[in-house]
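Please walk through this structure from its overall form down to its interior. A careful reading in running paragraphs would be welcome.

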Amino acid sequence: TRDGSRRLVAWNTTANRDASGVITGTTSIGSDITDQYNSRLELEQSQRTLRTLLDANPESLCLLDRSGTVLSANRTCAQRFNKGVDQLLGSDIFSFASAETAQMRRAKVEEVFRTGLPLVFNDTRDLWQFENHVNPVTGRDGSVECVAVLSIDITEKLRAEHDLKRANEELRQTNDELEKRVAARTEQLTE
């Protein structure tokens with residue numbers, strides 16, 4: 001350009017021919033595609049950033065369509081199903097759970113599609129327990145196009161809570177026994 005900046009131009013050139021087919025010239029048109037190119041670069045960077053954000057999360061994240069097909073997933077989600085991310089994409093997420101768990105999860109996802117409201121619920125898969133956050137992803141018209149699912153492994157938290165309750169109960173029993181001994185000894189000393 002005149003100001004020294006560089007622009008990307010897509011050229012389309014067509015040969016002009018006379019009645020006998022002899023080339024008599026060319027017609028060319030150039031379109032400035034600099035903004036389109038820069039937009040594509042920005043989109044690619046945005047996608048890399050989003051992928052990094054998804055994969056940096058230590059919990060399972062995925063996008064599902066109404067039938068449970070995986071549209072996107074992070075590495076943690078794929079690893080929890082013993083799959084690679086590419087293997088998980090396009091698969092039926094409900095096929096990896098027991099029939100009972102799959103039926104319940106399918107109903108929860110359908111509820112979010114129907115109501116358009118986020119939903120939180122707990123469930124179990126094999127030996128793991130999860131807190132699931134299902135959020136609607138809406139289109140321009142406001143309708144739910146897919147759902148974003150965050151599944152937090154709460155297995156260790158629940159085990160720790162159980163262990164704490166058990167320890168508290170043992171402590172209470174020990175304290176009760178100690179109070180009884182102290183009361184009995186006090187009674188002996190006051191006689």
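The paragraphs below go from the whole chain to its core, its cavity and one loop.

This is a predicted model, and its chain contains five helices and seven strands. Read from the N terminus, these elements follow one another in the order β-β-α-β-β-α-α-α-β-β-β-α. The radius of gyration is 32 Å, well over the 16 Å that the globule rule gives for 191 residues, so the chain is more spread out than a compact globule. Along the principal axes, the C-alpha atoms fill a box of roughly 135 × 45 × 35 Å. Of the 191 residues, 24% count as buried, and among contacts between residues at least 6 apart in sequence, 30% join residues at least 24 apart.

The interior can be approached through its nonpolar residues. In soluble globular proteins, nonpolar side chains tend to be buried together. Here the largest nonpolar core has 22 residues, and those with the most contacts inside it are Leu64, Leu88 and Val147. At least two residues of this core are supplied by each of E3, strand E4 (70-73), H2, helix H3 (85-88), H4, E5 and E7, with the largest share, four residues, coming from H4. For Leu64, once its neighbours within four places in sequence are left aside, the contacts are Thr69, Val70, Leu71, Ile93, Val109, Phe113, Cys146, Val147 and Val149; Val147, which is thus a contact of Leu64, is also among the three residues with the most contacts inside the core.

The structure also holds one cavity of 30 Å³ or more, and about 210 Å³ of space lies in the largest cavity. Of the 17 residues that line this cavity, Ile93, Arg105, Asn132, Val149 and Ser151 are the closest to its centre. Strand E3 (60-64), helix H2 (75-80), helix H4 (99-115), strand E5 (119-125), strand E6 (128-138) and strand E7 (144-153) are the elements that give two or more residues to the lining. By class, the lining has 11 nonpolar, three polar and three charged residues. Ile93 and Val149, both among the residues closest to the cavity centre, are also in contact with Leu64.

Away from these interior features, a last stop is the loop between E6 and E7, where Gly142 has its place. Gly142 counts as partly exposed because its relative accessibility is 47%, a value that lies between the limits of 20% for buried and 50% for exposed. The C-alpha atoms of Gly142 and Asp153, which are 11 residues apart along the chain, are separated by 31 Å.

Methods
Residues numbered from 1 in each chain as written. Predicted model: local features only at pLDDT ≥ 70, side-chain atom pairs only at ≥ 80, totals over all residues. Heavy atoms only, no water. 1 Å grid on protein atoms, 1.4 Å probe; cavity = no way out; pocket = protein on both sides within 12 Å on 5 of 7 lines; lining within 4 Å. Points joined across faces, edges and corners; volume = space filled by probe spheres on them. Nonpolar A, V, L, I, M, F, W, Y, C, P; charged D, E, K, R; others polar. Buried < 20%, exposed > 50% of the residue type's maximum accessible area, 1.4 Å probe, protein only. Core = buried A, V, L, I, M, F, W, Y, C linked by side-chain atoms within 4.5 Å. Contact = heavy atoms within 4.5 Å. Rg over C-alpha atoms; globule rule 2.2 N^0.38 Å.
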